[in-house]
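Visitor: I would like a close look at a single part of this protein, described carefully and set against the rest of the chain. Please take one strand and its partners, and then widen the view.

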Amino acid sequence: MNVEATRRRAVPKAPRQEGADPAREAGAARAAEGWREGCAAASFGQEGGLILGERLPAGRFVRLEVPCFPMLPCNPSVAVGPGGELRCLVRAVNYELGEEDGIWFRGDPAPNTVNWIADVGDDLAPGRMFRVDDAAQRAARLPCRDGLEDGRLFWFRGRWRFTASGLHYGPRVRTTMALCTLDEGGTRVEELEFLQSPHGREMEKNWMPRAEEGRLSFVYTHHPAESYTLWPTRGRLWLGSHQPLHGWSGGSQVIPHGGAWLGVVHQRRKERNRVYYAHRLVRYDDNLEPTHAGREFYFLGRQVEFCAGLAAHDGGHVLSFGVKDREAWLVRLTPAEIEALLA
C-alpha cells in the first residue's frame with residue numbers, strides 16, 4: 001500500500017518588510033493555506049479510480065496498532081464526543097481474509113469478534129485503549145453469542161453507544177442488529193437491545209445511525225432508499241428510490257454537514273475472483289433520503305477496504321477504515337477535499 005505524498009510545488013513566502021501589517025500577513029497565510037487545500041482537491045482529477053493514498057500526504061494517514069494479538073484489528077469506527085474529543089471503536093477478528101474470497105480461521109471452530117475502544121488525539125495518534133467487555137451479553141443473548149461485528153460508534157443522550165451486527169454462527173448463520181450502550185467508563189456493554197429486521201430477514205448488517213439531540217434514526221438501505229427512527233418513537237422516515245446508489249450499502253454514521261447530513265457508503269465488487277470495495281460520500285436530507293452521491297474513491301488501493309466511521313473534527317473530517325480485515329486506519333480530509341469528493 002503506497003501512501004507516499006505526491007510532490008507539490010512549494011508556496012513561496014513573501015520577504016518580510018519593516019512595518020508590515022499583521023492583519024495582512026495573517027490574511028496572506030490563510031490564503032496560502034486555502035491554495036494548498038485547493039491544489040490537493042484539484043489533484044483528485046476527474047471521475048475514475050481515485051486512490052486517496054496516492055493524492056494525499058502520507059502524514060494524513062494513521063494506522064491504529066491494537067494489542068489484540070493473535071487476533072487482527074479491522075473496521076474501526078471513529079466518532080466525536082460531547083467535548084469535541086475523538087474516540088474509536090476497533091473490531092478484532094480471529095480469521096484471515098483470502099485475496100480472492102473466503103476466510104481461514106486461526107485454530108478456532110467459529111468466527112469471533114472482540115471490540116476495543118481507544119481515545120484518539122487531535123493528531124489522530126491513539127491514546128488509552130481498552131478491550132470492550134461484552135461477556136455478560138454474549139453469554140446470555142444467543143443472537144450475539146459469536147460476537148458483535150462492525151460497530152458504528154456514536155454519542156447519544158449522555159453515553160457512548162454503538163450499533164453492531166450480532167453473530168449467531170451455526171448451520172443457519174444469522175446476524176441481528178443490536179444497539180449497545182456502554183457504561184459510564186465507556187468500556188463495558190451495559191445494555192443491549194436487539195433491533196428486529198424491518199422485513200423479517202435473518203441477515204442484517206450495515207445500518208447507518210444518525211444521533212442528534214432528542215432523536216436516533218438510521219439509514220437502512222439506499223435503493224430503495226429506506227430509513228427509520230428508533231427513538232423517541234419508532235417508525236419509517238422515508239421510502240423511495242435513488243438509482244445512482246443501486247448496489248451500495250452502509251457505511252459510516254450519518255453526521256451533520258452544511259445544513260444537511262453526510263455519510264460514507266461502500267459497494268462490494270468482484271473481478272476475476274478478486275474482491276474489492278469502492279466508497280462514496282452521500283448527502284442526505286432530514287428524512288435521510290439520499291439527495292446526492294459523490295464520486296467513487298478508494299483509500300489505499302483497489303482492495304478490500306471498509307469505512308465504518310466519519311467524524312467532523314478540528315475544521316475538517318476524520319474517516320476510519322479497515323484494510324483486508326487485518327488493519328485499522330484513520331485519515332484526515334480538509335473541507336475542500338470533502339467537497340471535491342462530493343462533486
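**Strand 15 and its surroundings**

Guide: In this predicted model, a good place to begin is a single facing pair, in which Thr221 stands opposite Glu226 of strand 15. That pair belongs to the ladder between strand 14, which covers residues 215-222, and strand 15, the two being antiparallel and joined by 6 bridges. Following the chain from one strand to the other, one passes through 2 residues, and the two strands together form a hairpin.

Strand 15 itself covers residues 225-231, and it is mostly covered, with 6 of its 7 residues counted as buried. For scale, buried residues make up 53% of the chain, which has 343 residues.

Strand 15 also pairs with strand 16, residues 235-240, again in antiparallel fashion, and here 5 bridges join the two. Within this second pairing, Tyr228 of strand 15 stands opposite Arg236 in strand 16. Strand 15 and strand 16 likewise form a hairpin, with 3 residues lying between them. Strand 15 therefore takes part in two hairpins, one with strand 14 and one with strand 16.

Turning to the chain as a whole, one finds 25 strands and 3 helices. Of the contacts whose separation is 6 or more, 54% are between residues that are 24 or more positions apart. The chain exposes about 16,200 Å², and carbon and sulfur atoms supply 50% of that area.

Elsewhere in the model there is the largest pocket, which holds about 790 Å³ of space. Its lining comprises 29 residues, and those nearest its centre are Tyr95, Asp150, Lys205, Tyr277 and Asp325. Sorted by class, this lining has 12 nonpolar residues, 10 polar ones and 7 charged ones. Several strands each give at least two residues to the lining, namely strand 5 (95-97), strand 9 (148-156), strand 10 (159-168), strand 19 (260-271) and strand 20 (274-284). Among these, strand 19 provides the largest share, which amounts to 3 residues.

To return to the part you asked about, strand 15 can be read as a mostly covered strand, joined by 6 bridges to strand 14 and by 5 bridges to strand 16.

Terms used. Residues are numbered from 1 along each chain as its sequence is written. This is a predicted model: local features need pLDDT of at least 70, side-chain atom pairs count only at pLDDT 80 or more; totals for chains, interfaces and linings use all residues. Side-chain values use heavy atoms; hydrogens and water are left out. Helices (H or I, at least four residues) and strands (E, at least two) are DSSP runs, numbered from the N terminus. Buried means under 20% relative accessible area, exposed over 50%, partly exposed in between (1.4 Å probe, protein chains only). Contact means heavy atoms within 4.5 Å. Accessible areas come from the Shrake-Rupley method with a 1.4 Å probe; for residues, only the protein chains shown count as cover. On a 1 Å grid over the protein atoms alone, a cavity is a set of points where a 1.4 Å probe fits but cannot get out, and a pocket is an open set with protein on both sides within 12 Å along at least five of seven lines; lining residues have an atom within 4 Å of a point. Grid points are joined across faces, edges and corners, and a volume is the space filled by probe spheres set on the points. Ala, Val, Leu, Ile, Met, Phe, Trp, Tyr, Cys and Pro count as nonpolar, Asp, Glu, Lys and Arg as charged, and the others, Gly among them, as polar.
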